[in-house]
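The following exercises concern the disulfides and the overall fold of one protein. Please work through each task with the sequence and the structure at hand before reading its solution.

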Amino acid sequence: MTNLTALTVLTVLIATTQTYTTSSSTPSGSWTTTPEAMVEGEWCLLPRTVVWHYKRGNRVFSSVDRAKAACEQREGCGAVGMDRTPYRAVPGGPVIYSSTIYLLSVSDSERSPRRHFRYDTYLMGACEN
């Protein structure tokens with residue numbers, strides 16, 4: 001590669017590099033980050049357990065902590081469910097999240113838990129023995 005070709009390629013790369021805009025600046029550029037959710041209360045993990053499944057059309061979350069924080073702020077929310085099946089907006093579509101994380105109402109969270117390898121359930125409040 002000649003110096004002229006290398007310079008042309010470099011110029012094209014610089015001209016087409018994606019720029020980022022954000023609320024904070026660093027010497028290398030500006031970036032926007034989404035702060036991690038703040039979970040305040042206690043949660044009881046029921047590993048490999050399902051109390052109720054995800055209903056298509058309900059909101060899903062990118063992390064368990066984000067779902068817990070949302071649940072703590074919502075009246076009538078009693079648990080967070082996590083299905084290890086990747087979340088897709090439409091069946092057969094591209095994977096959006098590596099797992100399906102969703103909220104459960106108080107009435108759903110009071111159902112009898114069943115053991116299932118695909119699920120974890122997080123009940124709001126401390127675990128009972």
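**Exercise 1.** Determine which pattern the disulfides of the protein follow when bonded cysteines are counted along the chain.

*Solution.* The model to be examined is a predicted one. Begin with the number of links: the structure holds two disulfides. One of them joins cysteine 44 and cysteine 127, whose sulfur atoms lie 2.0 Å apart, and another joins cysteine 71 and cysteine 77, again with 2.0 Å between the sulfur atoms. Counting the bonded cysteines along the chain then gives the pattern 1-4, 2-3.

**Exercise 2.** Work out the handedness of the disulfide between cysteine 44 and cysteine 127, and state which parts of the chain this pair ties together.

*Solution.* The torsion about the S-S bond of cysteine 44 and cysteine 127 is about 110°, and the disulfide is therefore right-handed. Next, place both partners in the sequence: cysteine 44 belongs to strand E3, which spans residues 43-46, while cysteine 127 is found in the segment after strand E11 (119-124), so the pair ties together parts that are 83 residues apart in sequence. For the link of cysteine 71 and cysteine 77, the corresponding value is -105°, and this link is left-handed.

**Exercise 3.** Classify the four bonded cysteines as buried, partly exposed or exposed, taking under 20% relative accessible area as buried and over 50% as exposed.

*Solution.* Take the partners of each link in turn. Cysteine 44 has a relative accessibility of 7% and therefore counts as buried, whereas cysteine 127, at 45%, counts as partly exposed. In the other link, cysteine 71 has a relative accessible area of 0% and is buried, and cysteine 77, at 10% relative accessibility, also counts as buried.

**Exercise 4.** Describe the fold in terms of its elements, its contacts and its surface.

*Solution.* Start with the secondary structure, which comprises three helices and 11 strands; from the N terminus on, these elements run α-β-β-β-β-β-α-β-β-β-β-α-β-β. Turn next to the contacts with a separation of 6 or more, of which 71% are accounted for by residues 24 or more positions apart. Finally, consider burial and surface: 28% of the 129 residues of the protein count as buried, and the protein exposes about 9100 Å², of which carbon and sulfur atoms supply 55%.

Key: Residues are numbered from 1 along each chain as its sequence is written. This is a predicted model: local features need pLDDT of at least 70, side-chain atom pairs count only at pLDDT 80 or more; totals for chains, interfaces and linings use all residues. Side-chain values use heavy atoms; hydrogens and water are left out. Helices (H or I, at least four residues) and strands (E, at least two) are DSSP runs, numbered from the N terminus. Buried means under 20% relative accessible area, exposed over 50%, partly exposed in between (1.4 Å probe, protein chains only). Contact means heavy atoms within 4.5 Å. Accessible areas come from the Shrake-Rupley method with a 1.4 Å probe; for residues, only the protein chains shown count as cover. A disulfide is a pair of cysteine sulfur atoms within 2.5 Å.
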